Amino acid sequence: MISVSNLSMRYGSKVLFDEVSVSFVPGRRYGLTGPNGAGKSTFMKILTGDLEPQQGTVVRPRKLGVLRQDQFAFDAYRVIDTVIMGNKPLWAALEERDRIYEKPEMTNEDGMRLGELEGVIGDEDGYTAESDAAVLLQGLDIPDDVHERKMGELQGGQKMRVLLAQALFGKPEALMLDEPTNYLDLDSIHWLQDFLINFDGTLIVISHDRHFLNSVTTHTADIDYETIITYTGGYDEMVMAKTQVRSTLESQNAQRDKKIAQLNEFIARFAAGTRSSQVTSRRKEVERLQTNELARSNIQRPYIRFDQVRPSGKHVLEFKHLTKLYGDLKVIDGFTANVLRGERICLVGRNGAGKTTLLKSLLANYPGLADKGFTLDSGSVFWGHEAQVGYFPQDVGATIEHGTPVAEWLHRWNPAAHVEEIRGILGQMLFSGEEGDKQTKALSGGEQARLAFCKLILTKPNILIFDEPTNHLDLEAINALNIALQRYEGTVLLVTHDHDLIDEVATRLWHFNDDGIEDFHGPYEEWKGKHS
């Protein structure tokens, strides 16, 4: 079991949580939720022992599996060794044993110590460690030929999967995962879901993937109102329960306020009269009923609505025989398709399969959006009548110029827009008041994404192209994006690994696989039924 007692944490005047006591029970899987800035990662670091609380105590099990966020800490180690490091007692014993064997001569004490170390290695399943680590890596789509390579040779997505395997290795009693689905494709996410559902220890996971939380978690620990409240069920069940609890409290307070107003009216009328005893009793009643102000929620919900200046023609896009090679690797091999107005196409498949490459291929000749370092090897692309494209690239921060206030940067995309319109759009995306004067270079990843949405809301294109737009968004922003895309009357091309976005937005799929790109006309559920 993991438990905290009287835990408090604040930064300056901002209170994250105050005198919180909560327990996490073995066999349960907890989603740790709350808006950006609520303190989820801070609380996770306190639980793992990486951060000391300002007040309170933490009790944790001996074996704790933790997903490490520093992708460069293990660059000098082999991939397979990095995974085994997830079992600290085993790795320490292996390293010490190797140091003893490297000695030119061993003493009797060394021999006795080796016996002790072999006992630790046996108890920790060290003799099957490499094969056990290999099974985890294979499940996370890290092929065998990568296992002996150094971590420094791997790309970011592969590194994250190795670090995930490290957290899972060694049969930990409790597992702490902070954003484990980042950089994972849909197949790897589904594998992870199945793995975690069968995990019999304590699981605490932070994720901005609603479907993942609903699929995996049995309970939800929500950080809000300067405390942590545990609800039974996944994310959606938590939202419903939380809304009901809040509504009940607000209703009770409204009734108390009404009663207090009636009592105060009586006191004001008869305070100077002969009914002093009744006035006194009513004053005591007012004191008893005096409402404590409800703590304010940290949750902020953006409002996203994508409109069009004018619709495109019926035939939005046609491309033929697109081919793109990187050296000898043929990423796109003669793909041909037509896109009609109003279609919402999701590009799905393994990481590195070519989804971003296809988007870049389609934009290779589009004014202002072409990647200057990208060339198409062969094929033709034709954008239809009145086609106006809004593009959200994977590295959205690179599209936002530094050295200017947020409101000024946004205004450049439509100088004819009134200041009130600019401020209104910024307010919709949670840049309220002085936030609109914030310098672009100071924006977080989530703020950069929200500012890019502001640009698309202002410019009103009739075609939206998104490449991994949810990477830095919290659950409230992802839900707002989901609803906005469903209501949008233009055309959408979307790369995402968010299951709910694919399931609820897509009307057509381009599925990247070993045989090429499958063009499936229909929603995700129909595609799954065909391939099940």
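**Exercise 1. The second largest cavity**

Task: In this predicted model, determine how the lining residues of the second largest cavity divide into nonpolar, polar and charged.

Solution.
Step 1. List the lining: Phe 392, Gln 394, Val 396, Ala 449, Glu 468, Pro 469, Asn 471 and His 472.
Step 2. Sort the names by class. The nonpolar class takes 4 residues, the polar class 3 and the charged class 1.
Step 3. Add the volume, which is about 40 Å³ for the second largest cavity.

**Exercise 2. The largest cavity**

Task: State how many cavities of 30 Å³ or more the structure holds, then describe the lining of the largest cavity.

Solution.
Step 1. The count of cavities of 30 Å³ or more is 3.
Step 2. The largest cavity encloses about 70 Å³ of space. Its lining consists of 14 residues, and those closest to the centre are Thr 33, Gly 34, Tyr 235, Leu 475 and Glu 476.
Step 3. Assign the lining to elements. Two or more residues each come from β3 (29-33), α9 (235-270) and α15.
Step 4. Divide the lining of the largest cavity by class: 6 residues are nonpolar, 4 are polar and 4 are charged.

**Exercise 3. Thr 33**

Task: Decide whether Thr 33 is buried or exposed, and find which side chain it contacts.

Solution.
Step 1. Locate the residue: Thr 33 belongs to strand β3.
Step 2. Compare its relative accessibility with the cut-off. Buried means under 20%; Thr 33 has 3%, so it counts as buried.
Step 3. Look for a polar partner. The side chains of Thr 33 and Asp 222 make a polar contact at 2.7 Å.
Step 4. Return to the cavity: Thr 33 is among the residues closest to the centre of the largest one.

**Exercise 4. Strand β16 and its neighbours**

Task: Work out why β16 is described as largely enclosed, and which strands pair with β16.

Solution.
Step 1. Count the buried residues. In strand β16 (residues 491-495), 5 of the 5 residues are buried, so the strand is largely enclosed by the rest of the structure.
Step 2. Separate the two faces. Thr 491, Leu 493 and Val 495 point one way, Val 492 and Leu 494 point the other way, and all are buried.
Step 3. Take strand β12 (residues 344-349). It runs parallel to β16, and the two pair over 4 bridges. Within this pairing, Leu 494 of β16 has Cys 346 opposite.
Step 4. Take strand β15 (residues 463-467). It is also parallel to β16, with 5 bridges between them. Here Val 492 in β16 is the bridge partner of Leu 464.
Step 5. Follow the chain from β15 to β16. With helix α15 (residues 475-487), these strands form a right-handed β-α-β unit. Helix α15 is also one of the elements that give two or more residues to the lining of the largest cavity.

**Exercise 5. Helix α1**

Task: Identify which residues of α1 are buried, and describe the residue that follows α1.

Solution.
Step 1. Helix α1 covers residues 40-48, and 7 of its 9 residues are buried, so the helix is largely enclosed by the rest of the structure.
Step 2. Name the buried residues: Lys 40, Thr 42, Phe 43, Met 44, Ile 46, Leu 47 and Thr 48.
Step 3. Move past the end of the helix. Gly 49 follows α1 and has a positive phi, near 90°.

**Exercise 6. Positive phi outside glycine**

Task: For Asp 141 and Glu 386, give phi, the place in the chain and the exposure.

Solution.
Step 1. Asp 141 is not a glycine, yet its phi is positive, about 65°. Its loop joins α5 (129-139) and α6 (156-168).
Step 2. Asp 141 has a relative accessible area of 29%, so it is partly exposed.
Step 3. Glu 386, likewise a residue other than glycine, has a positive phi near 60°. It sits in the loop between β13 (378-383) and β14 (389-392).
Step 4. The relative accessibility of Glu 386 is 33%, so it counts as partly exposed.

**Exercise 7. Tyr 225**

Task: Is Tyr 225 buried or exposed, and what separates its C-alpha atom from that of Ala 38?

Solution.
Step 1. Tyr 225 lies in the loop between β8 (219-224) and β9 (227-232).
Step 2. Its relative accessibility is 17%, so Tyr 225 counts as buried.
Step 3. Tyr 225 and Ala 38 are 187 residues apart along the chain, with their C-alpha atoms separated by 9.2 Å.

Methods
Residues are numbered from 1 along each chain as its sequence is written. This is a predicted model: local features need pLDDT of at least 70, side-chain atom pairs count only at pLDDT 80 or more; totals for chains, interfaces and linings use all residues. Side-chain values use heavy atoms; hydrogens and water are left out. Buried means under 20% relative accessible area, exposed over 50%, partly exposed in between (1.4 Å probe, protein chains only). Two strands pair if DSSP finds at least two bridges between them. A crossover is right-handed if, with the strands pointing away from the viewer, the path from the first strand over the helix to the second runs clockwise. On a 1 Å grid over the protein atoms alone, a cavity is a set of points where a 1.4 Å probe fits but cannot get out, and a pocket is an open set with protein on both sides within 12 Å along at least five of seven lines; lining residues have an atom within 4 Å of a point. Grid points are joined across faces, edges and corners, and a volume is the space filled by probe spheres set on the points. Ala, Val, Leu, Ile, Met, Phe, Trp, Tyr, Cys and Pro count as nonpolar, Asp, Glu, Lys and Arg as charged, and the others, Gly among them, as polar. A polar contact is a pair of N or O atoms within 3.5 Å; within protein, one must be able to donate a hydrogen and the other to accept it, and residues adjacent in sequence count only if both atoms are side-chain atoms.
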